[in-house]
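Here is the note I promised on your model, set out as numbered points. Have the structure open while you read, and go through the points in whatever order suits you.

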Amino acid sequence: MNRGEMEQKIVDTLSKNKEAAGSYISLIQSKVAEKTEQQLKYVLSHTTENIFLEACAGSGKTEVVGLKTAYEISKWYSKNKGIAVLTFTNEATDTIKERVKLFSGLTTLYPHYIGTLTGFIHGFVAQSFGYKYFKHKNRGGDTSYRLIDKNLDVHGNHWLKKYKLPYMNLNSMGPDVYANQIYYNYKINDFVIYYSENYKLPLKEYYQLTEVQEFIQNFRKKNGNNQLLGFDFIKKEIKKVKQTFLTDGFANFEDINNIAYYVLKKNVRIASLIAARFPVIIIDECQDLSWIEINILNQLKDSGSTLHFVGDLNQSIYEFKDANPATTKDYLSGFKRYFLTDNFRSCDSIVNTSNKLLGITLPIRGLAADKMGDKSVCYLEYHDLTSLNQKYLDFLERNDIPFNRSAILVRQQTLKEEFETNSKESIHPILDALQLWIENTPKSRKLALELASKHMQRWFGGAKTRNNYYCPNAIDSVYRWRIFIKDFLEGCSAVSDLVKFDGINYSTWYKNFNNHFLHIIQEAYKDLLRFDSEKRDFKDIPKMISPRGTAKVRITAYNTTDRINLVSIHTIHSVKGKDFDSVMVVSSRRNAGSGHWKQWIEKELESGRIGYVANTRAKYSLVWGVPVLKKEEREMLEYYGFKRAD
Ligand SMILES: Nc1ncnc2c1ncn2[C@@H]1O[C@H](COP(=O)(O)OP(=O)(O)OP(=O)(O)O)[C@@H](O)[C@H]1O
């Protein structure tokens, strides 16, 4: 089939059974016409064979899945069987639903299911059939499981005490562990103890801990019996408590997956029933599937469903959730492969560098416009984060890239917080707040309120948290406090002396401020008075003086350390699926964990893929912020295509 025939076939199918309104047809035609041949080929692929659509970053996966689903739905006849399209987030579900509705012209999607994988596994399998296998108590006809978080704490949830696991506090870590904190892992055939997202321990490893072994050996000696507290015994005792937890109708997230897995494994009839209900299952972002999720889907495949996996194994960054690209790749080896190798998001030099860093050999092309030439891929060296902020802002300014379409990406939450505090500390809080207020964007105003309130609460005594705009304890309405800060800033903005910044030095500005301050704050306070449990007249507040060393300095358009707030800061994991004109990926100082740039050139490790996800968020400009480099390190970066930005 040539390109024209492919387009025609898709448009004809999508227009079927509709009162083919001209506008709808022309929309479909233009949407189909802009697709690449690779995209069209997948839309026309068979739903009777298992397929892996290997889609590189920025290749328009979501849109293609939407079009594919709309195409299949448009020629679907059955009223009680449907396609399942499974995603990982509600947001992704909404986007696909919206595309399917747009492309198919349908308003209701039944008998098809577009939703999260979790919703699918829980709803159609575990919650519907699990009770049959786990002796659910069935309270008044309710056989569903109540989902209990693994982090739920016994303090404040005393009912959990009934499910305290035996032999769990024999080591120095020593906390009690409850049934919500443990789950079976079928891959390793062992229980896993969950202490936190970063610390999970298989029971076997726990059993081998030196302190646990010491306890067991002492216990055996004391009781003169060398067989006591064997691993199998302890495992059995734990299993009993876990069973009670399930019987009482409780389960954690992993339990629910396990229940689904078990049900499908034990009962081919149920598996066939579900497979018949969903003969085609499309999974978006398949690189995020965990071992158990793959195995659940596999049971459905064995019972008759066809699977289409869509995703990019190079973007697999959920090892901590047991998603492993090697396992997925292995599993997919028997699937027919389709490809999307055109990246529409990024320019070719960003794509080249990202590919080279991860050792990708697939011929991926970057099709976005090249707006920056040899400055598309750069690095900035840093001694401290504040100066790095400054350098990046200068770089953006020099290259005419809007701050609000740029982002700083970091691996760890701690580095993100460090950036944020660095950038929030201002030595001229009221002056900066005022400048931000006048800028009058939602973001700058929010920041202005935060800055001003943080400073002003000091005049009111102790305060609550940043979320409450540092509302002082004596003020009983956060809302009114915020209005007060707003009124104060409005009051300042109305004084011409206070909003003249050009050519004015700090000491002049502070002098003017002190002249007007009392009047402005007293005016603003009139409406706050009723909500304040203390009496005040503000006459005792000391005059503000320009901070040391700044008196004779001219006011710069608001303090650069605050400007950074207009460039958003994110962790890499939180920007999957997003894009920005420019991205600065900031390396940690020390080479430990997956936050250091040297870990991002590791081809086989998850850290390399984490770097890859970060790099491929950039459309025109990719910058790496790295701690000061040695000569050979600089050469290494330049080998990968990075140029000095400053
Ligand atoms: N055939 C096409 N022609 C032009 N633009 C396209 C085409 N296909 C997709 N795009 C555009 O490419 C951009 C990237 O698509 P999208 O964000 O869906 O990528 P993705 O595959 O989900 O990427 P990632 O996995 O990196 O998050 C979108 O703006 C999309 O509209």
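Is Asn440 buried, partly exposed or exposed? The first point takes that up, and the others go on from there.

1. **Asn440.** This is a predicted model, so please read everything below in that light. Asn440 has a relative accessible area of 47%. Buried means under 20% and exposed means over 50%, so Asn440 falls in between and counts as partly exposed. Its place is the loop that links α17 (429-439) to α18 (442-456). The backbone deserves a look too: phi of Asn440 is near 60 degrees, a positive value in a residue that is not glycine.

2. **Glu285.** Here is another non-glycine residue with positive phi, with a value near 55 degrees. Glu285 sits in the loop between β9 (280-284) and α12 (291-302). Its relative accessibility is 22%, and because the partly exposed class starts where buried ends, at 20%, Glu285 is counted as partly exposed.

3. **A cis peptide.** If you check omega values, stop at the bond between Tyr110 and Pro111: it is cis, with omega at about 10 degrees. Pro111 belongs to the loop between α5 (90-104) and β3 (113-116).

4. **The chain as a whole.** Stepping back, the chain holds 23 helices and 19 strands. Its C-alpha trace spans about 85 × 80 × 60 Å along the principal axes. Of the 646 residues, 54% are buried. The accessible surface of the chain is about 29900 Å², and carbon and sulfur atoms account for 50% of that area. Take the contacts between residues at least 6 apart in sequence: 74% of them join residues at least 24 apart.

5. **The annotated binding site.** The UniProt record, an unreviewed entry, carries the annotation "binding site" for Ala55, Cys56, Ala57, Gly58, Ser59, Gly60, Lys61 and Thr62. Ala55 lies in strand β1 (residues 51-55), while Cys56 is in the loop between β1 and α4 (61-74).

6. **Ala55 and Cys56 in detail.** How accessible is Ala55? Its relative accessibility is 2%, so Ala55 counts as buried. Cys56, with a relative accessible area of 4%, is buried as well. Beyond its neighbours within four places in sequence, Ala55 is in contact with Lys61, Gly311, Asp312 and Leu340. With the same neighbours left out, the contacts of Cys56 include Lys61, Asp312, Gln315, Leu340 and Ile364.

7. **The ligand shell.** Which residues are closest to the ligand? They are Glu34, Gln39, Gly58, Lys61 and Arg345, out of 16 residues that surround the ligand. Gly58 and Lys61 also appear in the annotated "binding site" of the UniProt record. By type, the shell divides into three nonpolar, eight polar and five charged residues.

8. **Polar contacts of the ligand.** For your interaction list, a polar side-chain atom of Arg617 lies 3.0 Å from an oxygen atom of the ligand. A polar backbone atom of Gly60 is 3.1 Å from a ligand oxygen, and an N or O atom in the side chain of Gln315 is 3.2 Å from a ligand oxygen. On its own the ligand has 650 Å² of accessible area, and the protein covers 76% of that.

9. **His122.** This histidine is part of helix α6 (residues 117-129). With 10% relative accessibility, His122 counts as buried. Leaving out neighbours within four places in sequence, His122 is in contact with Gln127, Ser128, Leu147, Phe253, Ile256 and Asn257.

10. **Asp255.** Is Asp255 buried or exposed? Its relative accessible area is 4%, which means that Asp255 is buried. Asp255 lies in helix α10 (residues 253-266). Not counting residues up to four places away in sequence, Asp255 touches Ile182, Tyr183, Lys242, Phe245 and Leu246. For a sense of distance, the C-alpha atoms of Asp255 and Lys643 are separated by 50 Å, with these positions 388 residues apart along the chain.

Technical notes:
Residues are numbered from 1 along each chain as its sequence is written. This is a predicted model: local features need pLDDT of at least 70, side-chain atom pairs count only at pLDDT 80 or more; totals for chains, interfaces and linings use all residues. Side-chain values use heavy atoms; hydrogens and water are left out. UniProt positions are given in the numbering used here, feature names are shortened, and annotations may be inferred rather than shown by experiment. Helices (H or I, at least four residues) and strands (E, at least two) are DSSP runs, numbered from the N terminus. Buried means under 20% relative accessible area, exposed over 50%, partly exposed in between (1.4 Å probe, protein chains only). Contact means heavy atoms within 4.5 Å. A residue is near a molecule or strand if one of its heavy atoms lies within 4 Å of it. A polar contact is a pair of N or O atoms within 3.5 Å; within protein, one must be able to donate a hydrogen and the other to accept it, and residues adjacent in sequence count only if both atoms are side-chain atoms. Accessible areas come from the Shrake-Rupley method with a 1.4 Å probe; for residues, only the protein chains shown count as cover. Ala, Val, Leu, Ile, Met, Phe, Trp, Tyr, Cys and Pro count as nonpolar, Asp, Glu, Lys and Arg as charged, and the others, Gly among them, as polar.
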